[in-house]
Amino acid sequence: MLVAAAVCPCPPLLVPEIAAGAAPELDTARAACTDALGVLAASRPDLLVVVGPADGTGPETYPEGSKGSFRGFGVDLGVRLGQGEGTLAGRRLPHGLAVGAWLLGRTGWADAPVEGRGVGEPLTAERCVQEGEAVAARAERVALLVMGDASACRTLKAPGYLDDRAAPFDAEIARALGAADTEALRALDTGLARELKVSGRAPWQVLAGAAAGNAALEGTLLYEDAPYGVGYLVATWS
């Protein structure tokens, strides 16, 4: 059963070495992510599953010890999911899961075994919900770290340029995450999310499926902003 969840954004810019001189601009977001991971640790999970966007359709499974790298972003920095050693032949973590692994490493996560799930933009809402239900059944006490960004169309300089639909879409996501509103997350417009370049749609719908068996979960929104024209949200469910 799902006992807690943390929702965090997944831009590689969260990693100070990548952000370089702009690193202080995301200090508040990093602090909120640290607080969110504290909620996961306090839930005493038997298993932590990191869910994030994948390049393909997915779901893709990444066992503990899976490795990732930020070399593609100009920084010779590697990360590892949890405490395991992994294998050289294993799949490399997509960047969203790599940012999740970096957050866990930064906070010294050692409270439970860790696995990764990658879910791609083409994955239907129904399939995402089913994946969430399956993940929640993996152990008696499951926690999720859910990685994903809201729209990338909030300003003229945003990656997706300015779209007037972006701010209302992000506001509804923020409300749903802050209220632990699983029905609203299940009902997200997948087509609009695609047009607004939302990377978190599929991971959030996995969360909605995972939470189906625990109506007692309550949400708290810790951070909401759109630096660089991209919506970043941090929330906890517990």
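Here are some notes on a predicted model, for someone meeting this structure for the first time.

1. Start with two helices that meet. Helix α2 runs over residues 27-42 and helix α3 over residues 95-106; their axes come within 10 Å and cross at roughly 75 degrees. Since angles of 65 to 115 degrees count as roughly perpendicular, that makes α2 roughly perpendicular to α3. On the α2 side, the contact is made by R30, C33, T34 and L37. On the α3 side, look for W102, L103, L104 and R106. Sort these contact residues by type and you get five nonpolar, one polar and two charged.

2. Next, have a look at helix α8, residues 201-210. Ten of its ten residues are buried, so the helix is largely enclosed by the rest of the structure. The buried set is a mixed bag that includes R201 and Q205 as well as W204, V206 and L207.

3. Now the nonpolar cores. In general, nonpolar side chains tend to be buried together in soluble globular proteins. Here the largest nonpolar core has 41 residues. Which of them touch the most other members? They are L144, F169, L177, L185, W204, L207 and W237. W204 and L207 are also among the buried residues of α8.

4. L144 deserves a closer look. Leaving aside residues up to four places away in sequence, L144 touches L2, A4, A5, A6, L40, L48, V49, V51, V135, L207 and A210. A210, like L207, is one of the buried residues of α8. Apart from this core lies another, of 40 residues, and its members include L14, V15, C33 and V230. You have met C33 already, as one of the α2 residues in the contact with α3.

5. On to charges. Side chains of opposite charge can pair when their charged atoms come close. The structure holds eleven salt bridges. One of them joins E121 and R194, with the closest N and O atoms 2.6 Å apart. E121 sits in the loop between β6 (114-120) and α4 (125-136), while R194 belongs to helix α7 (residues 190-195), so the pair ties together parts that are 73 residues apart in sequence. Both ends are partly exposed: E121 has a relative accessible area of 32%, and R194 comes out at 46%.

6. The salt bridge between D170 and R154 has its closest N and O atoms 2.8 Å apart. D170 is in helix α5 (residues 166-179) and R154 in the loop between β7 (142-147) and α5, 16 residues apart. Are these two partners buried or exposed? D170 is buried, at 2% relative accessibility, whereas R154 is partly exposed, at 29%.

7. R175 and D181 also meet through their side chains in a salt bridge, at 2.8 Å from N to O. R175 is partly exposed at 39%, and D181 is partly exposed too, at 23%. Elsewhere, E115, R117, E131 and R138 are joined into one network by salt bridges that share partners.

8. Last, a residue in a strand. T236 lies in β9, which covers residues 232-237. With a relative accessible area of 5%, T236 is buried. What does T236 touch, not counting residues up to four places away in sequence? Its contacts are A5, A36, V39, E218, G219, T220 and L222. A5 is a name you have seen before, as one of the residues that L144 touches.

Note on methods
Residues are numbered from 1 along each chain as its sequence is written. This is a predicted model: local features need pLDDT of at least 70, side-chain atom pairs count only at pLDDT 80 or more; totals for chains, interfaces and linings use all residues. Side-chain values use heavy atoms; hydrogens and water are left out. Axes are lines fitted to C-alpha atoms, for helices over the stretch in contact, and angles run from 0 to 180 degrees between N-to-C directions. Helices (H or I, at least four residues) and strands (E, at least two) are DSSP runs, numbered from the N terminus. Angles under 35 degrees count as roughly parallel, over 145 as roughly antiparallel, 65 to 115 as roughly perpendicular and the rest as oblique. Contact means heavy atoms within 4.5 Å. Ala, Val, Leu, Ile, Met, Phe, Trp, Tyr, Cys and Pro count as nonpolar, Asp, Glu, Lys and Arg as charged, and the others, Gly among them, as polar. Buried means under 20% relative accessible area, exposed over 50%, partly exposed in between (1.4 Å probe, protein chains only). A nonpolar core is a set of buried Ala, Val, Leu, Ile, Met, Phe, Trp, Tyr and Cys residues joined through side-chain atoms within 4.5 Å. A salt bridge is a side-chain nitrogen of Lys or Arg within 4 Å of a carboxyl oxygen of Asp or Glu.
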